[in-house]
Amino acid sequence: MAAGAAAGAWVLVFSLWGAVVGDRNVTARIGKPLVLNCRGAPKKPPQQLEWKLNTGRTEAWKVLSPQGGPWDSVARVLSNGSLLLPAVGIQDEGTFRCQAKSRNGKETRSTYQVRVYQIPGKPEIVDPASELMAGVPNKVGTCLSKGGYPAGTLNWHLDGKPLIPDGKGVSVQEETRRHPETGLFTLQSELMVTPARGGAPHPTFSCSFSPGLPRRQALHTTPIQLSVWEPVPLEVQLVVEPEGGTVAPGGTVTLTCETPAQSSLQIHWIKDGVPLPLTPNPVLLLSEVRPQDQGTYSCVATHPSHGPQESRAVSVHIIETEEGPTAGSLEGQGLGTVALALGILGGLGMAALLIGAIIWQRQRRQGEERKAPENQEEEEEEREELNQSEEPEAAEGSAAGP
Ligand SMILES: *[C@@H]1O[C@H](CO)[C@@H](O)[C@H](O)[C@H]1NC(C)=O
Ligand SMILES: *[C@@H]1O[C@H](CO)[C@@H](O)[C@H](O)[C@H]1NC(C)=O
């Protein structure tokens, strides 16, 4: 009875000892051999030991036969009592246990928690940005890690310090894929940042892969250094030539959209609120202006990361000419000719009138002496006319005035 109790106590002690001391975490690289020692077992046969395992390959505990068999390619017991796994795989993750009795009958239990890992290739930043713009979200690049196990994590760094996603100025979009055959992971992390205006002009970004197992080194990408572009508020000026936008029918109006010199800008045109279906161009030339060209014009400058910016609106209108609607069909040059001809005709008429008047006056002076006074009334009228075209005499000038 006492002996039985003592034996029970010893079993408890041994099992506790085994649980505490014998439990070990083992990590093994995928594809490499792994040796697990059976502690307490004699180094040479005859031995009393039993290896059993519970892994991804087994449904429950599986006892390995010391004689070997179909499991030899996965795990086999060596002559010194240790267990050899020639090439560990993801399916070998699990628990391995050995129970051994020494020559003097002491029992030892060793338990191993086996985890496997694979070191991925050096992570890299694909599709890196060429420059960033302050004040707006920019895609920095995508960090890519291929062929790791377990998955691990990707972390971004700015100037060597961890960059913590806050959903505002810094955000990452992550994706994890697993190879259907090898079971290895591909991770990617796309970084978006909004650089502060007036911040560091040349930030350096890097990315690191942190393995999913403790005490394993992180892997770092080659850093990338980017320039931050400080946007000046985009000022879009619309210059119209001729000034005022007024043009004769058939004339030419040139609208020029002036922006800070930036090659990435696209200029579109809007007439009366409707975009014009033209290829982007900073100059809009309206030649041989027709009535339907009249309207309100503005230009819109679009930058890939700015959004559109519209200029002030200018109106283009055709001069109303005095000749009436028929003049609208005449060309500018024709109009000029008509005006000139009219001017010349007018001048000639005036000259003819003057000459005629002078001749008439002379004739009248000569005739006053000869002619009868019944023509008096007619003469008065004609004199008045004459006086208007010559220097007005005091009395008649005031009579003709208002
Ligand atoms: C083994 O790993 C588990 C979790 O993975 C941990 O809780 C335990 O403390 C580890 N044991 C030892 C002996 O390191
Ligand atoms: C048993 O043999 C293997 C391979 O020869 C060796 O790696 C291992 O350390 C040995 N185990 C012990 C307990 O000496």
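Colleague: In this predicted model, which residue does the side chain of Ser102 join in a polar contact, and at what distance?
Modeller: Ser102 is found in the loop between strand S7 (94-101) and strand S8 (107-117). The partner of its side chain there is the side chain of Asn104, and the polar contact that joins Ser102 and Asn104 has a length of 2.5 Å.

Colleague: Is Ser102 buried or exposed?
Modeller: The cut-off that matters here is that buried means under 20% relative accessible area. Ser102 has a relative accessibility of 19%, and therefore counts as buried.

Colleague: Which side chains offer a polar atom to ligand 2, and which of its atoms do they face?
Modeller: The residues around ligand 2 are Val35, Asn37, Lys43, Leu78, Asn80 and Ser82, and they divide into 2 nonpolar, 3 polar and 1 charged. An N or O atom in the side chain of Asn37 lies 3.2 Å from a nitrogen atom of the ligand, while a polar side-chain atom of Ser82 lies 3.0 Å from a nitrogen atom of ligand 2. For Asn80, the distance of 2.4 Å runs from an N or O atom of its side chain to an oxygen atom of ligand 2.

Colleague: How much of the accessible area of ligand 2 does the protein cover?
Modeller: On its own, ligand 2 has 360 Å² of accessible area. Of that area, the part covered by the protein is 50%.

Colleague: Where do S12 and S13 turn, and which residue in the turn has a positive phi?
Modeller: Strand S12 (153-158) pairs with strand S13 (161-162) in the antiparallel sense over 2 bridges, and Leu158 has Lys161 in S13 as its bridge partner. The two strands form a hairpin with 2 residues between them. Most residues other than glycine have a negative phi. In this turn, however, a positive phi of about 50° belongs to Asp159.

Colleague: How exposed is Asp159?
Modeller: Asp159 is found in the loop between S12 and S13. Its relative accessibility is 42%, and so Asp159 counts as partly exposed.

Colleague: Which residue of S16 stands opposite Thr153?
Modeller: S12 also pairs with strand S16 (204-210), in the antiparallel sense and over 6 bridges. In that pairing, the residue of S16 that stands opposite Thr153 is Ser210.

Colleague: What is the phi of Arg215, and is this residue buried or exposed?
Modeller: Arg215 has its place in the loop between S16 and strand S17 (219-220). Its phi is near 60°, a positive value in a residue other than glycine. With a relative accessible area of 82%, Arg215 is exposed.

Colleague: Which peptide bonds that lead into a proline are cis?
Modeller: Most peptide bonds are trans. One cis bond leads into Pro46, in the loop between strand S2 (34-36) and strand S3 (48-55), and another leads into Pro150, in the loop between strand S11 (138-148) and S12. The bonds are Pro45 to Pro46, with omega near 0°, and Tyr149 to Pro150, with omega near -10°.

Colleague: What separates the C-alpha atoms of Glu288 and Gly250?
Modeller: Glu288 lies in the loop between strand S25 (283-286) and strand S26 (295-303), and with 60% relative accessibility Glu288 counts as exposed. Leaving aside neighbours within four places in sequence, Glu288 is in contact with Gly250, Gly251, Thr252 and Asp293. Although Glu288 and Gly250 are 38 residues apart along the chain, the separation of their C-alpha atoms is 3.8 Å.

How values were computed:
Residues numbered from 1 in each chain as written. Chains lettered and ligands numbered in written order. Predicted model: local features only at pLDDT ≥ 70, side-chain atom pairs only at ≥ 80, totals over all residues. Heavy atoms only, no water. Helix = DSSP H or I, 4+ residues; strand = E, 2+ residues; numbered from the N terminus. Buried < 20%, exposed > 50% of the residue type's maximum accessible area, 1.4 Å probe, protein only. Near = heavy atom within 4 Å. Polar contact = N/O pair within 3.5 Å; in protein donor to acceptor, adjacent residues only side chain to side chain. Areas by Shrake-Rupley, 256 points an atom, 1.4 Å probe, with all protein chains shown as cover. Nonpolar A, V, L, I, M, F, W, Y, C, P; charged D, E, K, R; others polar. Contact = heavy atoms within 4.5 Å. Pairing = 2+ DSSP bridges.
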